[in-house]
Amino acid sequence: SNDNTLNILKRFKTNPQIEVLNNSKRMGVSYTRNFLISKAKGKFITFLDSDDLMCPDRLELQIGFLNQNPDIDILGSNYQEFNEKRLGKISKVKLTSPCIVKAFSYMSPVPNPTLMMRSSVAKSIKFDEQLTSAEDFDFLLKAHQHGFKFANLNYVTTYYRIHKQSLSSSKKFEMQLNTFLAMERYQQNIKSKNNTHIIINNLRKRFSNSSYIKFSSPRELTF
């Protein structure tokens, strides 16, 4: 970060519940999440991107649900879009694990801005450091392969910022491509890392030539 975030966070180092960790150079979101998960000591793990907002009761709602439902491993919720001017639409997530699994074919059914999971899940599956976007979707697919169960709360727990500099707009092509690659690898159940590289290169060429991606436009705030 270039906005003095690290110095601001260092003010909280006196709180024994807060540990501030910093990469010496930019390593990407997947590497950083894997690194932080390896250092985590708590029962649950969640994320919050720098430009999103968490509702005050999010942690209470999600931790309470996971404590009351030990069969659920990964939990999300609804979120509401916003920009610098106004609030946008509220998402409509699938609520139960069977419905969430069915939705994998056309969406990422546990919104990453709202995701909370048990530490045992996070420490048994790594984020793919080859992917520079859609790493959350790839992670969820691998979690499903491992037999972990999903749920979503029918509450808004997070406000998801939409702006022209956000990842969802400025890197839409790359995100769609990596989502495509994650689905292909999931469907083919690729085991060999060497084969993964070969197949990814072939899929990247095939997908980049598709008419869908050529005419796809950046996402704007919707109401």
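Buried means under 20% relative accessible area, and partly exposed lies between that value and 50%. The exercises below apply this cut-off to a predicted model.

**Exercise 1. Classify the two residues of the aromatic pair Tyr79 and Tyr160, and describe the geometry of the pair.**

Solution.
- Step 1. A search of the whole structure finds 5 aromatic pairs.
- Step 2. Tyr79 and Tyr160 form one of these pairs, with 5.5 Å centre to centre and 70° between the planes. The arrangement is edge-to-face, because planes over 60 degrees apart count as such.
- Step 3. Tyr79 belongs to strand 3 and Tyr160 to strand 6 (residues 150-161); the pair thus links distant parts of the chain, 81 residues apart.
- Step 4. The relative accessible area of Tyr160 is 14%, so Tyr160 is buried. Tyr79 also has 14% and is buried.

**Exercise 2. Determine which elements the pair Phe82 and Tyr159 ties together.**

Solution.
- Step 1. The rings of Phe82 and Tyr159 are 6.4 Å apart, centre to centre, with 90° between the planes, and the pair is edge-to-face.
- Step 2. Because Phe82 lies in strand 3 and Tyr159 in strand 6, the pair ties together parts that are 77 residues apart in sequence.
- Step 3. Phe82 has a relative accessible area of 8% and is buried, whereas Tyr159, with 26%, is partly exposed.
- Step 4. Elsewhere, ring pairs link Phe47, Phe127 and Phe139 into a cluster.

**Exercise 3. List the salt bridges and identify which residues are joined into one network.**

Solution.
- Step 1. The count comes to 3 salt bridges. The criterion is a side-chain nitrogen of Lys or Arg within 4 Å of a carboxyl oxygen of Asp or Glu.
- Step 2. Arg33 pairs with Asp49, the closest N and O atoms being 3.5 Å apart. Arg33 lies in helix 2 (residues 29-39) and Asp49 in the loop between strand 1 (44-46) and strand 2 (53-54), so this salt bridge ties together parts that are 16 residues apart in sequence.
- Step 3. Arg33 also meets Glu135 in a salt bridge, again with an N to O distance of 3.5 Å. This pair links distant parts of the chain, since Arg33 is in helix 2 and Glu135 in helix 6 (residues 135-145), 102 residues apart.
- Step 4. The accessibilities are 7% for Arg33, which is buried, 6% for Glu135, likewise buried, and 32% for Asp49, which is partly exposed.
- Step 5. Lys142 forms a salt bridge with Asp138 at 3.2 Å between the closest N and O atoms. Both residues lie in helix 6, 4 residues apart, about one turn of the helix. Lys142 is partly exposed at 22%, and Asp138 is buried at 5%.
- Step 6. Through shared partners, salt bridges join Arg33, Asp49 and Glu135 into one network.

**Exercise 4. Identify which residues touch the most other members of the largest nonpolar core, and which elements contribute to this core.**

Solution.
- Step 1. The largest nonpolar core has 20 residues, of which Ile74, Met117 and Phe150 touch the most other members.
- Step 2. Helix 5 (119-122) and helix 6 are the elements that give two or more residues to this core. Helix 6 gives the most, with 5 residues.
- Step 3. Beyond its neighbours within four places in sequence, Met117 is in contact with residues including Phe44, Phe47, Ile74 and Phe139.
- Step 4. A second, separate core of 7 residues includes Phe44, Leu75, Ala151 and Leu153.

**Exercise 5. Establish whether Ser77 is buried or exposed, and give its surroundings.**

Solution.
- Step 1. Ser77 is a residue of strand 3 (residues 74-82).
- Step 2. The relative accessibility of Ser77 is 0%, so Ser77 counts as buried.
- Step 3. The side chains of Ser77 and Thr157 are joined by a polar contact of 2.6 Å.
- Step 4. Not counting residues up to four places away in sequence, Ser77 touches Thr157 and others, among them Ser91, Val93, Asn152 and Tyr155.

**Exercise 6. State how many disulfides the model contains, and classify Cys55 and Cys99.**

Solution.
- Step 1. Two cysteine sulfur atoms must lie within 2.5 Å; by this rule the count comes to 0 disulfides.
- Step 2. Cys55, at 8% relative accessibility, counts as buried, while Cys99, at 39%, is partly exposed.

Notes
Residues numbered from 1 in each chain as written. Predicted model: local features only at pLDDT ≥ 70, side-chain atom pairs only at ≥ 80, totals over all residues. Heavy atoms only, no water. Buried < 20%, exposed > 50% of the residue type's maximum accessible area, 1.4 Å probe, protein only. Core = buried A, V, L, I, M, F, W, Y, C linked by side-chain atoms within 4.5 Å. Contact = heavy atoms within 4.5 Å. Polar contact = N/O pair within 3.5 Å; in protein donor to acceptor, adjacent residues only side chain to side chain. Phe/Tyr/Trp six-rings, centres within 6.5 Å; stacked < 30°, edge-to-face > 60°.
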